[in-house]
Amino acid sequence: MKLADLKKLVTEIGQGAVELVFPAEPVCPACGREPGLYRGLGRQCLKRIVLIVPPICNLCGRMLRLNKASDGKCQECCGTAYYFSKARAVAMYEGALREYLAEVKYRYRPDLGMALGELMVEWLKAYPKYGKFDLIIPVPIHPQKLAIRGYNQAELLSIPLQRHLGIPVKSDIIIRRKLTETQNALDRESRFSNVRQAFQVVRPGALTGKCVLLVDDIMTTGATASEVSRMLLRAGALDVKLLTLAAGVIDKQWLHQ
Ligand SMILES: [Zn+2]
Ligand SMILES: [Zn+2]
């Protein structure tokens, strides 16, 4: 090591010590650089997220191209029955948000997960009439995945929502008992049959007459969330509405060009 490098290293270590005593202003959890957080993220990183804006499908919340909806529903929803009564997503599952969610899922980033949950809070502030809820249920992941990942990302996203809505997050009511093959490789029909019987309600009494806000990171076909909703309703829930951070593209057709 050259003397100059050594000096630089010592300076950096010194700087680290100063930051321990006087913590620096929090930096953006997405890029780790920009200071000055706005809704949990730096402004530059926030700008890279493509928010979902009207017109949207009244049922699944996906963006519509103008004049292509029937009954306010997208073509995808016209041929599909979901068990949740409505679904909404904050942003498109593309670009920056895709990267952020990969970080949260595969690189142990609970800080980033909770920062992204703040975006869902902002969405609820913008659409307060979405519903009145008694409890938040994050879509459960299989215990094996939980052990690898260290947390359920849907549960992380739910933490800021819990704070905002003042209602509990319940992760012990429904469990995922089937480790399904990854949905990515499956077509639409297979996705619905793949998740059948994947979940089990273990505390049915807690659901009687309750309006549930079901939370997940991504909705693609809605198959998983619909199956969870089916189980919750069967166990006595009054209504289930879904809120996800991102909406995935099923195939190119859903843009109804
Ligand atoms: Zn940033
Ligand atoms: Zn739709």
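Why is α9 largely enclosed by the rest of the structure? In this predicted model, 10 of its 12 residues are buried, so the surroundings largely wrap it up; buried here means under 20% relative accessible area, with over 50% exposed and anything in between partly exposed (1.4 Å probe, protein chains only). A quick note on the ground rules: local features need pLDDT of at least 70, side-chain atom pairs count only at pLDDT 80 or more, and totals for chains, interfaces and linings use all residues. Residues are numbered from 1 along each chain as its sequence is written, chains are lettered from A and ligands numbered from 1 in written order, and side-chain values use heavy atoms, leaving out hydrogens and water.

Back to α9, residues 223-234. Helices are DSSP runs of H or I with at least four residues, strands runs of E with at least two, numbered from the N terminus. Among its buried residues are E227, R230 and M231, and their cover includes β4, β5, α8, β6, β7 and β8 (contact is heavy atoms within 4.5 Å). Just past the helix, G236 takes a positive phi of about 115°.

Now for the zinc ion (ligand 2). C57, C60, C74 and C77 each offer SG as a donor, 2.3 Å from the metal; donors are N, O and S atoms within 2.8 Å (3.2 Å for Na, K and Ca), and with no water among the atoms, sites may look incomplete. The spacing in sequence reads C-x2-C-x13-C-x2-C. C57 and C74 both sit in the loop between α2 and α3, so the pair ties together parts 17 residues apart in sequence. Both of these cysteines, C57 and C74, are buried.

Note on methods:
The expected span of a helix is 1.5 Å times one less than its number of residues.
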